[in-house]
Amino acid sequence: MQQTITRYLERICRILILLLLLLVPLIYPLQIRDQWMAQLEAFFIQHNLSQFWAEQLVPFLYLGYAPLTLKGSIASVIIISLVVCYFLLKILQRNEPRRTGVRHWILFIFLVYGLISLRYITPTFHYSLRTCTNVMLFALFFLIVSDMAKTRKFVMQAVGILFFTAFCLGVVALLQHLELSRSFLHEFPNVRNRMGSLIGHNTGLSCFLMPSFFVAIALFLVTKRPWHKIALGIFLALLIAVFLTAQSKGVWLVLFFVTPVYLYHLTRVAQVRLPIRTILISTVIILLLILSQVISSRYNPFKSQEAPILTRLSHFNPAVIKKGTRFRILVCSMPLISQSPIWGHGIGSFQYVYPKAQGAYLTEHHETLLWPTPKRTLRAHNDYIQIAIELGIVGLLLVLIGLYYYLKFGWTVLECSSDPRERGIQCGIFIALAATILHAFLDFPMHIAPIALQFAFLFGIWISGDRIWRRAPEAHQIASPSQSAPDTSHAPAPNGTRIPRLGHVGLLAFALILIGVSPLANHFILINYVTDIYRARAEGYVQNFLTVPDATQEHKFYWLRRAEKLIREAMSRDRLNGYLSFSGGEIAYMIGSTFAKTLNDPSIGNDPDGVNFYKAKAHLYLNRGIDRLEASLREIRFHAVFYLLGLSYYELSKLSPDDDYLRQAKENLQTAIWYSPAYTPALDRLAEIYIKQRVPNPMLIRSLQRKIAKYDPEFYEDRYVGKAFRELYNGQYEKAVETFQSLIHITPERQDLYLHLATTYLFMNRIPEAEQIFREQKRLRPNSTEVDSQLVTLYLKKRDFQSAYEYTRRVLERAEDGNDYYEVIEALCLERLGQITEAQQKLTTIMEKAKAKPVYLYNLGYILVEFFNDPERGINFLEQRVALPVPTNPKAHQMIAEYYLKQGNLEKAEHYNKLLLQAFPGFKAAKKLQDEIQQRRATTPSEQEE
């Protein structure tokens, strides 16, 4: 009976290990068709299970959570199951000779040191506890793999599973690259995130594929079977294609330097040949794959238009590297190591201590070339630096000594192996481990569950090779009673009975269910995954609130209260999770600010009870948000926490004018900027507060706005430059002048702003000021088409048609495909200069083009009215343009309405102005024009009164 149970447990342990290698990399939520989801939803609603459907099933069926959280949780549960089964197995084998555990003394010391760091050093207990737990679970997995009895067959089964998972990930990655996965996978906007979504990122995907790549090379060179070679060749070509398209610079570097060394190593250690034919075919395939990423053609779907490979290769230069994440973290982290060089800051504490170090460094080094980030930095992008920061030199030395000791221990087995095929596999495992170890200098592969599992498994196989590859008796066999024992893992059970397959599955399912429903799994291992589902659902409601600004107040409050309810449920399950407190504080701030904005509603303002109610609610939620945000600082500390604290205090200062609220608002916003100088929301809001306070020091405001322009040019264009253009577009010329002048003070190096300012002066008929700017720009940029085009407008305003014609010719000569606007100006200038025949020919051509391109009609009308003082003729063209069903510039309607208003034809003026308001409801000039029409009607006697 005991032998039967032992066999069950041995096989279950093997199945669990293989299950880990297969399931964790591949598990991922699929995109289910909308019609199927609708049918499922109808079924659950029909059976009164709508709440269960909405809160439990939908997050699993859609991409409502981070896949890495799911992978880590599943890995933890299966490892715990494996530990329980293996512990029972060792109890039943207590009478058998035991293997020595001396080889693991370094690992034991490292784990004990991690526990000491958790108890006495770390400032962030919750994150450190989770980190320590994950490290211990993966260490236990490594110990079990290295200690358990293994056969060559089991190792080859595991290698086959690694190849299968790599093949699946590679195929899916290429489908994502070709945008053919939308029917079953969620889409990501970034090409590199999209390709590596099953693992988390393009770098994680490439790093996971590296071990399979190196082992496959070894098998390809040592196998003698043609079909095996063909299959392995196709597999290797797939992996190379993924390496190229995923565009991980760190993996490229590792492959570039390690692969030639590995091939040389195989020829010397495994004694394999590299046939010239194989080398030539491989080189041709690699060149073709590279060309597929370079050649632009509609017949080549493999080239990425979003991220061309040549652009990615250009990033291997000092200027780009200095602005990169890794270099910034490396430089800013050095003071952390010097602050606590021996013991470090505590296991799992990097995300807590780094933001402050980054803020201090960037504050002390104003002229640094480093490029700060508006994102939260969770990891060091270098596992060794992160270990040095968290566990100090002691922890780093333990890791490095352990790696060296284990690699050397396995090397002695490789030297004693005689079978070329087995030596090739061992060489592949060694280089796979070495490549991952090297890649850890450039990224954080050991923080990704699938990569860490694969690494731990291969390392366990590597150091226990003396019990896998050596055959007894051998001269070099290491003496051990257990090593000489025959492998009985596949022998029949006593009395001739065999363990049924159904029994394997049943016992495995029972073990997984037992662990899965245990208090340990539910209240600690799985709690991070469960709370992540709640948080993801809450973020969905928050996204509805943010992306639908015109929604009714009822809908806004519904979304936010649903989000708050979900976060409260998550917080009740995981009270130490600082990020949940942060999310709760963010939602509470949104509810409070929404209550505060409701006070601006005229219907509320006339109701004293309503005002008091909404003000009290705003106070309640804003203070609740502040409490949650301050609580989150015990576990997390980064710029967004202080930003939301600043916003909350600022809203309170508007509800109850208090200098203390305003002071705390500014202090927290300044702290957010201190932590991350590139955090645009904090920069913009602090500048807004200073402007409203009329701070006497304008340089303080401009310094904030300069940072926005430097670190977030897209936001600067939309928020600041866009504001000036919107004012210009709406005819608010005085405001536009002020805004452009302010922008010139912020970014004086931008010459285009001077031209826009001069153009605004032209619209205001301030010709001398515009001319002065244009002449200065012409001196600075004598060959600029942009300056020449603005000079055309200047000379048209001055009625200097000869000069306008000359500059128009310069613009058209540089325009490859012509320019509809300047073609019209050219024809009309020729007409004014007396060259009637040539002008008429060009106008005839323009009218022909107008049939396919109606913008010519608008240009004719606009230019005749604005510059040639020919309104009757110009209005005729504009009326032809607005009569077409294709929408046009609102200026066309405006000019027609203004013309008829001057003529006293109020009916037509109002008709065209109504068309303008229908097409462009927010056009301010139309509203002003409507007021003028109403005033004219009021002052003009009606026909009946006359």
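# Exercises on salt bridges and a pocket

R573 has a relative accessible area of 40% and is therefore partly exposed. This value, like every other below, comes from a predicted model.

## Exercise 1. A pair within one helix

Determine which residue R573 pairs with in a salt bridge, and how the two are placed in helix α23.

Solution.
1. The partner of R573 is E569, with 3.2 Å between the closest N and O atoms.
2. Both residues belong to helix α23, where they are four residues apart, so about one helical turn separates them.
3. E569 has 33% relative accessibility. Since partly exposed covers the range between 20% and 50%, E569 falls in that class, and R573, at 40%, does too.

## Exercise 2. A pair between two helices

State which helices are tied together by the salt bridge of R624 and E564, and classify each residue as buried, partly exposed or exposed.

Solution.
1. In the salt bridge between R624 and E564, the closest N and O atoms are 2.9 Å apart.
2. R624 is located in helix α26, which spans residues 608-632, and E564 in helix α23; the pair therefore ties together parts separated by 60 residues in sequence.
3. A residue is buried under 20% relative accessible area. E564, at 3%, is therefore buried, whereas R624, at 24%, is partly exposed.

## Exercise 3. A pair distant in sequence

Explain why the salt bridge of R130 and D574 ties together parts that are far apart in sequence, giving the separation in residues.

Solution.
1. The side chains of R130 and D574 form a salt bridge with an N to O distance of 3.3 Å.
2. R130 is part of helix α6 (residues 125-147), while D574 sits in the loop between α23 (553-573) and α24 (578-598); the parts joined are therefore 444 residues apart in sequence.
3. Relative accessibility is 15% for R130, which counts as buried, and 7% for D574, which is likewise buried.
4. The structure as a whole holds 32 salt bridges. D532, R535 and E539 are linked in a network of such bridges.

## Exercise 4. The second largest pocket

Describe the second largest pocket: its volume, its lining by class and the helices that supply the lining.

Solution.
1. The second largest pocket holds about 1600 Å³ of space.
2. It is lined by 45 residues, and those closest to its centre are F213, I217, I240, S282 and I286.
3. The lining divides into 33 nonpolar, seven polar and five charged residues.
4. At least two lining residues come from each of α9 (202-222), α10 (226-246), α11 (249-270), α12, α13 (309-313) and α18 (420-439).
5. One of these helices, α12, covers residues 276-292 and includes L291. L291 has a relative accessible area of 40% and is therefore partly exposed. Its C-alpha is 9.5 Å from that of F302, which is eleven residues away in sequence.

## Exercise 5. The whole protein

Give the numbers of helices and strands, the share of buried residues and the share of contacts between residues 24 or more positions apart.

Solution.
1. The protein has 43 helices and zero strands.
2. Of its 946 residues, 52% are buried.
3. Among contacts with a separation of 6 or more, 71% join residues 24 or more positions apart.
4. The exposed surface amounts to about 46000 Å², of which carbon and sulfur atoms supply 59%.

Note on methods: Residues are numbered from 1 along each chain as its sequence is written. This is a predicted model: local features need pLDDT of at least 70, side-chain atom pairs count only at pLDDT 80 or more; totals for chains, interfaces and linings use all residues. Side-chain values use heavy atoms; hydrogens and water are left out. Buried means under 20% relative accessible area, exposed over 50%, partly exposed in between (1.4 Å probe, protein chains only). A salt bridge is a side-chain nitrogen of Lys or Arg within 4 Å of a carboxyl oxygen of Asp or Glu. On a 1 Å grid over the protein atoms alone, a cavity is a set of points where a 1.4 Å probe fits but cannot get out, and a pocket is an open set with protein on both sides within 12 Å along at least five of seven lines; lining residues have an atom within 4 Å of a point. Grid points are joined across faces, edges and corners, and a volume is the space filled by probe spheres set on the points. Ala, Val, Leu, Ile, Met, Phe, Trp, Tyr, Cys and Pro count as nonpolar, Asp, Glu, Lys and Arg as charged, and the others, Gly among them, as polar. Contact means heavy atoms within 4.5 Å. Accessible areas come from the Shrake-Rupley method with a 1.4 Å probe; for residues, only the protein chains shown count as cover.
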